Amino acid sequence: MIPYHQHGTLDKRPMVPSPHVLLEIIFRTSIIYMVVLLGVRLSGKREVGQMTPFDLTLLLLISNSVQNAMTGSDTSLIGGVVAALVLLLMNYLIAELSGTNRRFRKLVQGQPTLLVHKGQIINEHMAKERVSMDELERALREHGISSYHDVALAVLEVDGSISCLKYDELSPGENNHLVKRKYLQKHE
């Protein structure tokens, strides 16, 4: 089938883009990948871990808005395949580098954040990570904990989940300052 423009004229664009156009697509796609990765990273751990309908809508709109920025005026099949391959390659390289380089992993993924320590909420960390008390209490309930006073540690993980460790889950024989302190307090 011969491709036609909307107004009925024959489409004379080549089926395979020139090497210059393909290099431009590779460059544009790499830049867009890094910008979107940076945006997701700056949005915080909670945004990544628990997508709301608003987050999903934003993600879909971003993907639609950056498509033209990646391929430019090229709408060929090859241009789209090159852009997709660059995205997959960038994702693979970022994952590989994150797996082997701790500093890079911290830069890309962030670090876990301590929310509760020895039964005390760390309000500065809660505010910085935009974790509400309701969200913390929900996480505690999911772990079968009724009060943050019973929590040795609650940590906002890099994936957005909150992990909790109760005092009674720690064994007294462990070499851990929290265990020693709580164990000694119980047996004094």
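In this predicted model, the residue S30 is placed in helix α1, which covers residues 19-43. The side chain of S30 reaches back to the backbone oxygen of I26, at 2.8 Å. When neighbours within four places in sequence are left aside, S30 is in contact with V86 and M90.

Both of those partners bear numbers that belong to helix α4, which spans residues 77-100, and this helix leads on to a second point of interest. Helix α4 packs with helix α5, made of residues 102-109, at an angle of about 125 degrees, and their axes lie 6 Å apart. Angles of 65 to 115 degrees count as roughly perpendicular and those over 145 as roughly antiparallel, with the remaining range up to 145 called oblique, and α4 and α5 are therefore oblique to each other. The crossing of these two helices is left-handed. On the side of α4, the contact is made by I94, L97, S98, G99 and T100, while α5 contributes R102, F104, R105, V108 and Q109. Sorted by class, this contact of α4 with α5 holds four nonpolar, four polar and two charged residues.

From here one can step back to the whole protein, which has eight helices and four strands. Read from the N terminus on, the elements follow the order α-α-α-α-α-β-β-α-α-β-β-α. Of the 188 residues in the protein, 29% are buried. Among contacts between residues at least 6 apart in sequence, 60% join residues that are at least 24 apart.

Methods
Residues are numbered from 1 along each chain as its sequence is written. This is a predicted model: local features need pLDDT of at least 70, side-chain atom pairs count only at pLDDT 80 or more; totals for chains, interfaces and linings use all residues. Side-chain values use heavy atoms; hydrogens and water are left out. Axes are lines fitted to C-alpha atoms, for helices over the stretch in contact, and angles run from 0 to 180 degrees between N-to-C directions. Angles under 35 degrees count as roughly parallel, over 145 as roughly antiparallel, 65 to 115 as roughly perpendicular and the rest as oblique. A crossing is left-handed if the near helix is turned anticlockwise from the far one by less than a right angle, and right-handed if clockwise. Contact means heavy atoms within 4.5 Å. Ala, Val, Leu, Ile, Met, Phe, Trp, Tyr, Cys and Pro count as nonpolar, Asp, Glu, Lys and Arg as charged, and the others, Gly among them, as polar. A polar contact is a pair of N or O atoms within 3.5 Å; within protein, one must be able to donate a hydrogen and the other to accept it, and residues adjacent in sequence count only if both atoms are side-chain atoms. Buried means under 20% relative accessible area, exposed over 50%, partly exposed in between (1.4 Å probe, protein chains only).
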